[in-house]
Amino acid sequence: MCQACGAVFPKWSGRCEACGDWNTLVEEAARKAPKQALAARRGSDRIEIGSLSGSTAPDERRLTGVGEFDRVCGGGLVPGVGILIGGDPGIGKSTLLTEIACRLSYEHRVLYISGEEAADQVRLRARRLGLEGAPLELATATDISDIIATLDTSQAPAAVVIDSIQTMYLPTLDSAPGTVAQVRASAQELLRVAKHRGISLFLVGHVTKEGMIAGPRVLEHMVDTVLYFEGERGHHFRILRAVKNRFGPTDEIGVFEMTGAGLKEVSNPSALFVSERDIEASGTAVFAGMEGTRPLLVEIQALVAPSSLGTPRRAVVGWDSARLSMVLAVLEARCGVSIGFNDIYLNVAGGMRVTEPAADLAVAAALVSAFSDTPLPPHSIVFGEIGLTGEIRPVSQADARCKEAAKLGFGTAFVPSRQRKGLDRNIDRLIELSHVNDLLPYCQGNTRKSKRTGRVQNEHR
Ligand code: TYD
Ligand code: MG
């Protein structure tokens, strides 16, 4: 079975023919259908059929006390929910879950099962977080049948953390721990018991080098909620992102800061991401983005330098490089800004990743500002999607974006002109743009000669 895509082959080969990955085929024992299956089927009962108006338990949520986490989950834990948390090694999954489990344990019974670390290591971590007094129950186990035997009773804990699902194994299966078959079977057993007993189940999942939760996507289909815990190396910020949530919104993010004493919640991330900027500098623009229901201001930085190479360099951190090429092409073809011969570096400050098309205009502003060495008007924010003709398209939730900006002391907003009316209620100065050309006067200054370097612009034309 291919460990990357789950395809099954009758013999080994070096390369999986289904997904093209190398060295991913591992021999796994096929699960035989039990002999009595048919006999059992003959004596089966008819299933019970209900209706939508049938009785449902009230939507009772358990708050963990970690506010950022509760918000990402859609307002606390639902009993019986299966939550998968994925992330790179060392990003802080165990730290986050220790914190959540300890906080929750003051209100409910919580069991933390570690398959990777010794109990002492977990205790040490809890002490480091200042939570060693929490009434958390601790166990080290990797055998799923033992764990199930412990959980499948009427005194089951309210929440269980499994750190990590890749270390768990079912002794009745021949495959090694961590293989697709084991991960899938272990998760299935755990989820069955969790649903049956109303346990909120946390599964920690490792991420492969391609960034997917190992044991392909099978796990993501099985659980109710998939959270990714991510962050750039070398930055303190960690972002918890919901990519699937049966009980709440997706696209919601929680922001944490990794400190010497655990993860600290960042409840006002905009202030953090834009606080360290130099407003006099050229090549930066503040983008007012949305992450789920929450507006988030981030700084977009660009650097444009003459290239000594035949094919100029393009380096992008925190944004889509295909999207950068598009914005550059629009600037060249529709606005006559011949910027393409230069090396271009683009960075979203603070280690954030921006995926919204609404960032196009902010990127264009940062690029032109860097190219002409002219800062944008101070205390201004930018948002808008750029179309291929150079037109600027309206984006969603402009109100919330402007409000957040005003709250943080930004007085000027560059917005798409076809945006809904009434935005000016939220911000002092509204500059409406309908084409990228309209933006140029604000970030190009004196187009012939830039004021600091004296470099002549558009010399390639
Ligand atoms: P950990 O939760 O063990 O990561 P994961 O379970 O995702 O592999 O976190 C490990 C990293 O976090 C490690 O490099 C040390 C750092 N860390 C802190 O900076 N402060 C702390 O209080 C803790 C507990 C860990
Ligand atoms: Mg860990």
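**Salt bridges and helix packing in the predicted model**

R294 sits inside the protein, being buried at a relative accessible area of 13%. The model here is a predicted one, and in it this arginine has a charged partner: R294 forms a salt bridge with E68, with 3.3 Å between the closest N and O atoms. The two come from distant parts of the chain, R294 from strand β11 (residues 294-306) and E68 from helix α2 (residues 67-72), and 226 residues separate them. E68 is buried as well, its relative accessible area being 4%. The pair doesn't stand alone, either: a network of salt bridges links E68, R71, E252 and R294.

Stepping back to the whole chain, the count of salt bridges in the structure comes to 19. In general terms, side chains of opposite charge can pair when their charged atoms come close. Another case is R401, which forms a salt bridge with E356, the closest N and O atoms lying 2.8 Å apart. Here R401 belongs to helix α11 (residues 398-407) while E356 is in the loop between β13 (342-348) and α10 (360-372), so the salt bridge ties together parts that are 45 residues apart in sequence. Both R401 and E356 are buried.

Helix α11 also holds a salt bridge of its own, between K407 and E404, where the closest N and O atoms are 3.3 Å apart. K407 and E404 are separated by about one helical turn because they are three residues apart in α11. What about burial for this pair? K407 has 62% relative accessibility, so this lysine counts as exposed, the cut-off being over 50%. E404, by contrast, counts as buried, since its relative accessibility of 7% falls under 20%.

Turning to the helices, α6 (residues 180-197) is 18 residues in length, and its first and last C-alpha atoms are 26 Å apart, close to the 26 Å expected at 1.5 Å a residue. Plenty of its residues are tucked away: V180, A181, Q182, V183, A185, S186, A187, L190, L191, V193 and A194 are buried. As for what they pack against, the buried residues of α6 meet a mix of strands and helices, namely β1 (82-87), α5 (144-151), β4 (159-163), β5 (200-206) and α7 (218-222). Just after α6 comes G198, with a positive phi near 70°.

A second packing arrangement involves α9 (residues 321-335) and α12 (residues 436-444), whose axes come within 10 Å and cross at roughly 95°. That angle makes α9 roughly perpendicular to α12. On the α9 side the contact is made by V330, L331, R334 and C335, and on the α12 side by V436, N437 and L440. By character, the residues of this contact split into five nonpolar, one polar and one charged.

These details belong to a chain with 12 helices and 18 strands. Its C-alpha trace spans about 85 × 50 × 50 Å along the principal axes. Of the 461 residues in the chain, 50% are buried. Contacts across the sequence are well represented too: among contacts with a separation of 6 or more, 67% are between residues 24 or more positions apart. The salt bridge of R294 with E68 also links distant parts of the chain.

Conventions:
Residues are numbered from 1 along each chain as its sequence is written. Chains are lettered from A and ligands numbered from 1 in the order in which they are written. This is a predicted model: local features need pLDDT of at least 70, side-chain atom pairs count only at pLDDT 80 or more; totals for chains, interfaces and linings use all residues. Side-chain values use heavy atoms; hydrogens and water are left out. Helices (H or I, at least four residues) and strands (E, at least two) are DSSP runs, numbered from the N terminus. The expected span of a helix is 1.5 Å times one less than its number of residues. Buried means under 20% relative accessible area, exposed over 50%, partly exposed in between (1.4 Å probe, protein chains only). Contact means heavy atoms within 4.5 Å. A salt bridge is a side-chain nitrogen of Lys or Arg within 4 Å of a carboxyl oxygen of Asp or Glu. Axes are lines fitted to C-alpha atoms, for helices over the stretch in contact, and angles run from 0 to 180 degrees between N-to-C directions. Angles under 35 degrees count as roughly parallel, over 145 as roughly antiparallel, 65 to 115 as roughly perpendicular and the rest as oblique. Ala, Val, Leu, Ile, Met, Phe, Trp, Tyr, Cys and Pro count as nonpolar, Asp, Glu, Lys and Arg as charged, and the others, Gly among them, as polar.
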